[in-house]
Amino acid sequence: MTLSTNQEKPPIRGLQRRMIGHGMLILLIGLLAGVGLLISLIGGLEILPGKLVSLVLPGNSDGWVRFHIGQFLNAFLIVLVALSLPVLGFDTQRAGLLGWCVIGVGWANTLFYAAALFAPNRALSFADNALGTANLASVIGLVPALVFAVVSIVVVGMLAKQAFHRPA
């Protein structure tokens, strides 16, 4: 008797693979943002020793640092949760919901960091603030970041609660 593919692998395995895939895409964006950081620091891209091609990118070096490192943290969050779900013993439906919420957190933060490069106020408010003026990038970056900030707090609370849950 042979087992079907679904019987050979736990149902959560497909979710984990998708989560890890999204995490790796976000990590790739973070690695590419490192190139943006390099360009912002030296004012271009050195194609040969001593031969700099001048490039101007939006934002400043501090914004590129946040974009670069923020993506690593977003990617690690997604992968960490993906690997934790089976250990925590969530049923498939709840694990799926939590997994997709965490993926949403990662992409919302990716959009936030990218939009902040184009927003004088760093996409931290809908209106002008002490950092600068608001623009369309402020709204594009802030709306999903605010929604998924709440989602992330709820999800992490659920993960923590489940970690301390004593099985009956």
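Okay, let's start with the strands: β1, residues 44-48, and β2, residues 51-54, pair up antiparallel, with four bridges between them. Keep in mind as we go that this is a predicted model. The two strands make a hairpin, and two residues sit between them. If you look at the turn, G50 has a positive phi, about 85°. And which residue of β2 is the bridge partner of L48? That's K51.

Let's stay around the hairpin and talk about the surface. There's a nonpolar patch here of about 820 Å². Its members include L45, I47 and L48, along with L52 and V53, and also V35, L38, L41 and I42. The elements giving two or more residues to the patch are β1, β2 and helix α2. Which element gives the most? It's α2, with four residues.

Take L41 as an example. This leucine belongs to helix α2 and is one of the patch residues. Is L41 buried or exposed? Exposed, because its relative accessibility is 56%, and the cut-off for that label is over 50%.

Now the inside. The largest nonpolar core has 18 residues, and the ones touching the most other members are M19, L85, F90 and L159. Four helices each supply at least two residues of this core: α2, running 12-42, α3, running 61-88, then α4, and α5, running 136-164. The largest share comes from α3, which puts in six residues.

Let's zoom in on M19. Setting aside neighbours within four places in sequence, M19 is in contact with I78, V81, A82 and L85, and also with G99, V102 and I103. So you've got L85 on that contact list, and L85 also turns up with M19 among the core residues that touch the most other members.

Over to helix α4, which covers residues 92-116 and has T110 in it. T110 counts as buried, because its relative accessibility is just 7% and buried means under 20%. What is T110 in contact with, leaving out neighbours within four places in sequence? The list is I26, I29, F67, Q71 and N74.

Same helix, other label: Q93 is also in α4, but this one is exposed, because its relative accessible area is 69%. One last distance for Q93: take G21, 72 residues away in sequence, and the C-alpha to C-alpha separation in space is 20 Å.

That's my tour, thanks.

Definitions and conventions:
Residues numbered from 1 in each chain as written. Predicted model: local features only at pLDDT ≥ 70, side-chain atom pairs only at ≥ 80, totals over all residues. Heavy atoms only, no water. Pairing = 2+ DSSP bridges. Buried < 20%, exposed > 50% of the residue type's maximum accessible area, 1.4 Å probe, protein only. Contact = heavy atoms within 4.5 Å. Core = buried A, V, L, I, M, F, W, Y, C linked by side-chain atoms within 4.5 Å. Patch = residues over 30% accessible without salt bridge, like charges linked within 9 Å, V, L, I, M, F, W, Y side chains within 5 Å. Areas by Shrake-Rupley, 256 points an atom, 1.4 Å probe, with all protein chains shown as cover. Salt bridge = Lys/Arg side-chain N within 4 Å of Asp/Glu carboxyl O.
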